[in-house]
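Good morning, colleagues. I shall give a short introduction to the structure on the screen, beginning with confidence and then turning to its largest pocket and one helix.

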Amino acid sequence: MTSTPRSDQAPAGRVPGPRRVVVEVPATSANLGPGFDSLGLALTLTDEVTVELGGDEVVIEVEGEGAEVAERGDRHLIVTTVRDALERIDRLAGTADAAGLGKGVRLRCVNRIPHSRGLGSSSAAIVAGVLAARALHPRGDALDDAEALKLATEIEGHPDNVAPCLLGGLTIAWDDRAVRLDLEREVVAFVPEARLATARARGLLPETVPHGDAAANAGRAALLVAALTRGLDDATLLAATEDRLHQAYRAPAMPESAELIRKLRERGVPAVVSGAGPTVLAFTSASRIDSNALEVGNGWHVHPLSVAPLGASVRT
């Protein structure tokens with residue numbers, strides 16, 4: 001006579017996973033000027049997400065940024081990502097363990113990453129959901145780092161933010177793969193009050209660009225990697241952050257950001273649009289900004305940050 005394990009029991013020989021985990025995920029800045037959809041940095045500004053599985057209800061608490069989306073329930077990005085990741089793990093491991101984890105999700109988010117500002121808030125949510133599911137599923141080891149990046153890229157649509165969020169440092173991403181480079185550097189993020197949807201910013205891009213602009217960006221992107229990792233001078237970094245593929249096309253949607261970048265670059269400060277904007281990222285220190293006595297104007301929050309050496313982390 002055989003017996004079937006209850007949903008709260010692990011199959012024989014299998015160690016059950018935890019029921020509750022906390023994931024810390026960093027903000028990210030992508031594109032970095034010429035590195036459109038490929039270059040990204042992890043930054044020392046983090047969200048903390050607690051995920052607990054069990055029961056039948058979806059309960060969401062949000063502190064800080066994005067509190068208005070707490071009512072989305074089953075449609076909340078982290079909740080949908082957790083469920084997608086649990087199902088992916090089942091397919092990879094050839095199991096049906098996700099069915100025994102219950103439909104209920106209790107989610108608590110302490111959000112510090114500004115939403116819809118170009119600092120990777122959606123990528124942070126996706127990575128948090130993927131890593132939480134991996135930690136909670138008893139066969140989570142089937143979703144290795146490469147598979148986690150692949151799944152996060154599928155959900156986000158491109159890898160340039162999810163890669164540094166997962167890996168930390170400076171990442172170069174293509175398709176659903178990425179390499180990580182160590183980088184120690186201070187940066188300053190100028191975050192406006194106004195939001196800009198990534199879809200709107202991406203919709204401003206032309207379907208084709210001149211061959212000369214594409215060639216110029218290829219050279220600048222290669223130079224930028226060298227300038228950042230080898231600590232080259234600001235004049236070289238200023239040249240390396242020139243872009244012809246996306247910033248000018250998106251400027252009409254964020255004229256204040258474009259003007260701030262112009263002011264910074266005129267003073268020799270390498271500055272770019274962070275992600276799809278409207279945040280401006282400057283490769284400089286807060287003290288240098290002060291010494292320049294730059295009049296940023298009202299409506300901007302200045303965040304002195306550093307490149308985060310590590311990506312997302314999980315504790316149970």
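Across the chain, the mean pLDDT is 89, and 91% of the residues reach 70 or more. I should state at the outset that this is a predicted model. Confidence in the chain is highest in helix α4, residues 162-167, at a mean of 98, and lowest in helix α10, residues 286-291, at 74. Please also note residues 1-15, over which pLDDT stays under 50. For that stretch the model has 10 contacts beyond four places in sequence.

Let us turn to the largest pocket. The space within the largest pocket amounts to about 740 Å³. Its lining is made up of 44 residues, and those closest to the centre are Leu 77, Ser 116, Ser 121, Ser 122 and Ser 123. Which elements give two or more residues to this lining? They are the strands β1 (20-31), β2 (35-53) and β4 (105-111), together with the helices α1 (77-93), α2 and α5 (198-203). By class, the lining holds 17 nonpolar, 16 polar and 11 charged residues.

The largest share of that lining, six residues, is supplied by α2, and I shall therefore close with this helix, whose 16 residues run from 121 to 136. How far apart should its ends lie? At 1.5 Å a residue, helix α2 should span 22 Å, and because its end C-alpha atoms are 22 Å apart, the model agrees with that expectation. Helix α2 is also mostly covered, with 13 of its 16 residues buried.

Thank you for your attention.

Technical notes:
Residues are numbered from 1 along each chain as its sequence is written. This is a predicted model: local features need pLDDT of at least 70, side-chain atom pairs count only at pLDDT 80 or more; totals for chains, interfaces and linings use all residues. Side-chain values use heavy atoms; hydrogens and water are left out. Helices (H or I, at least four residues) and strands (E, at least two) are DSSP runs, numbered from the N terminus. The expected span of a helix is 1.5 Å times one less than its number of residues. Buried means under 20% relative accessible area, exposed over 50%, partly exposed in between (1.4 Å probe, protein chains only). On a 1 Å grid over the protein atoms alone, a cavity is a set of points where a 1.4 Å probe fits but cannot get out, and a pocket is an open set with protein on both sides within 12 Å along at least five of seven lines; lining residues have an atom within 4 Å of a point. Grid points are joined across faces, edges and corners, and a volume is the space filled by probe spheres set on the points. Ala, Val, Leu, Ile, Met, Phe, Trp, Tyr, Cys and Pro count as nonpolar, Asp, Glu, Lys and Arg as charged, and the others, Gly among them, as polar. pLDDT is the predictor's confidence in each residue, from 0 to 100. Contact means heavy atoms within 4.5 Å.
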